[in-house]
Amino acid sequence: MDRAPAPEEPAPQEPAPASAAPEAPPLRPRHRLTAWAAGLLLLVPAVVAGCRALDTDAVTPVPQLLSFLPWLSVPAALGVLLAALARRRALAFTAVVVLVATAWSALPYMPQTVTAYGGLPLARVRVLAANVEFGQATESLIGTIRRERPQLVFVSECDHVCGHALTSTFTAELPHHASVDSGGSAGSVLLSAYPLSDEGVIPAVMGMPGATAEIAGRAVRVQLAHPMPPLPGQVDVWERELGRLRKAAAERPTTTPLLLAGDFNASQDHHAFRAVLRAGHVQDAARTARTSRTPTWPTEGPLPPYVQIDHVLVSDHFSVAAVRFPALPGSDHRAVLADLDLRSQR
């Protein structure tokens, strides 16, 4: 008797492949363009804020771009917006990090490097620092001096005509002076109501005279600052001349008060400028007066003023009462006017 054929066993089925993770949808052309635009907007803020965080001026074009640091928050914010519109999470996260770093870097430098003496005030000293742009703003400066009556005036880019006009006009109010007599931007003069001695000049392309003033019976070192600007090809000169100012401030006796004022061609965002503060144990009077982001340059041209490069730096023998920035018609700088109290040691 024939046996019925055994039923065929079903062929073993291959296990279904594990479902792969869903791939990110490809960028649409419009989103791709938006993402590229976001990346380009973030590039400069990222590099400049990174150099600021690393405490370096790096190389051209970073020293020049550091002058724009607070304003770089604008392209960084636009980068965040475009990254969000492009719907790329990684790019959006990076954009937010860059924006936060740029905004943080633009805060006034902290902490203050020194604390002023708590002794009694010996004298109120009004200091005026002004760049007269090749002597063109000499008449404006004369009017400002007559109106504000400072006891110390630091004048940069004061040529022969400017120097003669200032020293001859204020023979009674500011009879003492130290100067570098030269033409164009190389000339500088320091006018003083106080007797001056130990006059000297820090070597530089543009004049940086200094002296010791006798104020309320104390010897106070006063020094004009005017290093070369950090132009492409001249950044090393700028760093070297700021380094000489740093050395002069650091090597003075710590018991000697110091006033260091002028056109530094550097902002609080430049490492070379902050190095002067640290080494010389001085502080920016504008920082103490909470005006450290008031722009002083350029006051001429298509752009509004966007950076503070004119400063009055003081040692801890002074306390700061007020700082203002008078306009100086004829110059591309605003002046700096600081009211300071020279204090006794406890």
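**A walk from the largest pocket**

The lining of the largest pocket mixes 13 nonpolar residues with seven polar and four charged ones. Keep in mind that this is a predicted model. To find the spot, select Pro229, Pro230, Leu231, Asn265 and Trp297: of the 24 lining residues, these lie nearest the pocket's centre. The space in there comes to about 420 Å³.

Stay with asparagine 265 for a moment. You'll see it in the loop between strand 8 (258-263) and helix 8 (271-280). Its phi is positive, about 50 degrees, even though it isn't a glycine. Most residues other than glycine have a negative phi. Asparagine 265 counts as buried, at 12% relative accessibility.

Now click on tryptophan 297 and follow the chain to proline 298: the peptide bond between them is cis, with omega near -10 degrees. Proline 298 sits in the loop between helix 9 (285-288) and strand 10 (310-315).

Next, jump to the loop between helix 1 and helix 2, where you'll find proline 61. A cis peptide bond links threonine 60 to proline 61, with omega about 10 degrees.

In that loop, between helix 1 (29-53) and helix 2 (62-65), pick aspartate 57 too. What does its side chain reach? Look for the backbone nitrogen of histidine 271, at 2.7 Å. Aspartate 57 is buried but has no salt bridge; arginine 274, the nearest side chain of opposite charge, is 5.7 Å away.

Last stop: phenylalanine 134, in the loop between strand 1 (121-131) and helix 5 (138-148). Here's another non-glycine with a positive phi, about 60 degrees. Phenylalanine 134 is partly exposed, with a relative accessible area of 44%.

How values were computed. Residues are numbered from 1 along each chain as its sequence is written. This is a predicted model: local features need pLDDT of at least 70, side-chain atom pairs count only at pLDDT 80 or more; totals for chains, interfaces and linings use all residues. Side-chain values use heavy atoms; hydrogens and water are left out. On a 1 Å grid over the protein atoms alone, a cavity is a set of points where a 1.4 Å probe fits but cannot get out, and a pocket is an open set with protein on both sides within 12 Å along at least five of seven lines; lining residues have an atom within 4 Å of a point. Grid points are joined across faces, edges and corners, and a volume is the space filled by probe spheres set on the points. Ala, Val, Leu, Ile, Met, Phe, Trp, Tyr, Cys and Pro count as nonpolar, Asp, Glu, Lys and Arg as charged, and the others, Gly among them, as polar. Helices (H or I, at least four residues) and strands (E, at least two) are DSSP runs, numbered from the N terminus. Buried means under 20% relative accessible area, exposed over 50%, partly exposed in between (1.4 Å probe, protein chains only). Lys and Arg count as positive and Asp and Glu as negative; His and the chain ends are not counted. A salt bridge is a side-chain nitrogen of Lys or Arg within 4 Å of a carboxyl oxygen of Asp or Glu. A polar contact is a pair of N or O atoms within 3.5 Å; within protein, one must be able to donate a hydrogen and the other to accept it, and residues adjacent in sequence count only if both atoms are side-chain atoms.
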